[in-house]
Amino acid sequence: MKKAFITGVTGQDGSYLAELLLNKGYAVYGMVRRSSVENYERVHHIRDKIVFTQGDLTDQSSLDEAIKEIMPDEVYNLAAQSFVPTSWNQPVLTSDVTGLGVTRILEAIRKYKPDAKFYQASSSEMFGKVQQIPQTEKTSFYPRSPYGVAKVYGHWITVNYRESYNIFACSGILFNHESPRRGLEFVTRKVTNAVAKIKLGLVKELRMGNMDAKRDWGFAGDYVQAMWLMLQQDQPDDYVIASGEIHSVRELVELAFDFVGLKAKDYVITDQKLFRPAEVDQLIGSPEKARKILGWDSKVSFSQLIQMMVEEDLRLLGS
Ligand code: NDP
Ligand code: GDR
């Protein structure tokens with residue numbers, strides 16, 4: 001039985017990836033941070049099937065011990081301080097967790113299980129102020145937040161450990177992917193949750209930041225398949241994972257209100273406090289390489305995704 005170790009297993013992607021790997025017959029080990037209240041919401045339905053180990057990406061010895069004890073065949077590094085606005089409030093923490101954390105886990109692999117295959121959760125935020133449209137594996141990086149900068153470091157240290165130590169290390173450059181399990185502060189979930197609350201009469205307005213920003217959005221359940229596929233290839237490599245479609249935040253908001261028969265203009269207020277110090281105006285990825293080599297494609301469309309999220313938020317709030 002293959003063993004997989006997931007950091008960030010309590011996060012959106014960690015929960016979908018754990019489900020996928022369990023279905024494929026893997027023994028799944030997940031790293032969790034100690035906190036004063038338990039945080040297993042996204043994995044509660046598979047909690048008894050995962051072996052949890054305590055650790056933190058800022059703590060080398062916990063990573064060393066985890067790798068030494070588990071001796072995993074595959075390691076998926078999904079843990080990060082992943083919310084872009086927080087990276088301006090906590091730039092040093094973000095660099096430490098999201099950037100240096102990658103070196104720490106690679107060091108643990110190099111020392112104790114060098115033949116483990118490694119997946120790094122890189123991000124389209126590395127493209128930031130885009131140098132090419134659409135963005136591919138060859139497009140230069142120009143990050144626009146401390147988060148984006150930390151991810152560029154994580155990407156290159158992954159490439160470097162592959163080249164220096166021959167570790168089977170892959171960097172998946174994933175564009176925004178969402179789901180009903182998305183954190184409430186990210187724009188899609190913030191909008192679908194607010195729309196459901198407005199529909200149910202629980203709140204009266206939705207405060208938004210920059211509605212002109214454009215993103216390439218897909219469904220998290222599709223995107224975790226690409227992570228696994230990367231580690232099943234003969235050679236380690238880096239891949240852009242994207243839908244290849246671009247939509248604005250405004251379109252997202254209007255679509256979500258349309259699904260419940262309301263008009264966005266009656267409820268949305270623009271709030272300057274929600275604008276970012278430096279914005280990523282537009283992102284659109286080319287999934288060509290992933291299509292050709294991994295046989296991967298984004299299946300759930302933008303409109304299906306938003307509908308799924310609105311319906312699930314209505315169901316959750318209604319019950
Ligand atoms: P989430 O924010 O939902 O999950 C982040 C996970 O990291 C949580 O399990 C969190 O634990 C854990 N974590 C945070 N800090 C630490 C730490 N210091 N040590 C150990 N674990 C920690 O992110 P997603 O699931 O959306 O994203 C997964 C990864 O993919 C992240 O690295 C993200 O940056 C990256 N990414 C995400 C994209 C997206 O659109 N979703 C796109 C591209 C990249 P806890 O539950 O305790 O907070
Ligand atoms: P992003 O996602 O920064 O792309 O990072 P987010 O959903 O936070 O923002 C997307 C765009 O929407 C604009 N926006 C708002 N965003 C939020 N959160 N709240 C608002 O009220 C709001 N109004 C407008 C933002 O300005 C931005 O342009 C996500 C994270 O998951 C990262 O970890 C990941 O690496 C990237 O996606 C790819």
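**T139, strand 11 and two ligands in a predicted model**

User: Is T139 buried or exposed?

Analyst: This model is predicted. T139 has a relative accessibility of 4%. A residue counts as buried under 20%, so T139 is buried.

User: Where is T139 found?

Analyst: Strand 5 covers residues 117–123 and helix 5 covers 146–165. T139 belongs to neither of them, but to the loop between strand 5 and helix 5.

User: Which side chain does the side chain of T139 join in a polar contact?

Analyst: Leaving aside neighbours within four places in sequence, T139 is in contact with F127, Q131, Q132 and P134. A polar atom of the T139 side chain also lies 2.8 Å from the backbone nitrogen of T136. The side-chain to side-chain polar contact of T139, at 2.6 Å, is with Q132.

User: Which residues of strand 11 are buried on the two faces?

Analyst: In a regular strand, side chains alternate between the two faces of the sheet. Strand 11 spans residues 238–241, and both of its faces are covered. The buried residues are D238 and V240 on one side, and on the other Y239 and I241.

User: What is the bridge partner of S171 in strand 11?

Analyst: Strand 6, residues 169–174, runs parallel to strand 11, and 4 bridges join them. In strand 11, S171 has as its bridge partner D238.

User: How much of the accessible area of ligand 2 does the protein cover?

Analyst: A polar side-chain atom of Y147 lies 2.5 Å from an oxygen atom of ligand 2, and one of N176 lies 2.9 Å from an oxygen atom of this ligand. A polar backbone atom of E185 is 3.0 Å from a nitrogen atom of ligand 2. On its own, ligand 2 has 700 Å² of accessible area, and the share covered by the protein is 95%.

User: How many charged residues are in the shell around ligand 2?

Analyst: Ligand 2 is surrounded by 22 residues, and the closest are S82, S123, Y147, R276 and E279. By class, 9 are nonpolar and 6 are polar, while the number of charged residues is 7.

User: Which element gives the largest share of the shell around ligand 1?

Analyst: Among the atoms at ligand 1, a polar side-chain atom of R33 lies 2.8 Å from an oxygen atom of the ligand, and an N or O atom in the side chain of K151 is 2.9 Å from an oxygen atom of it. Helix 1 (12–23), strand 5 and helix 5 are the elements that give two or more residues to this shell. The largest share, 3 residues, comes from strand 5.

Definitions and conventions: Residues numbered from 1 in each chain as written. Chains lettered and ligands numbered in written order. Predicted model: local features only at pLDDT ≥ 70, side-chain atom pairs only at ≥ 80, totals over all residues. Heavy atoms only, no water. Helix = DSSP H or I, 4+ residues; strand = E, 2+ residues; numbered from the N terminus. Buried < 20%, exposed > 50% of the residue type's maximum accessible area, 1.4 Å probe, protein only. Polar contact = N/O pair within 3.5 Å; in protein donor to acceptor, adjacent residues only side chain to side chain. Contact = heavy atoms within 4.5 Å. Pairing = 2+ DSSP bridges. Near = heavy atom within 4 Å. Areas by Shrake-Rupley, 256 points an atom, 1.4 Å probe, with all protein chains shown as cover. Nonpolar A, V, L, I, M, F, W, Y, C, P; charged D, E, K, R; others polar.
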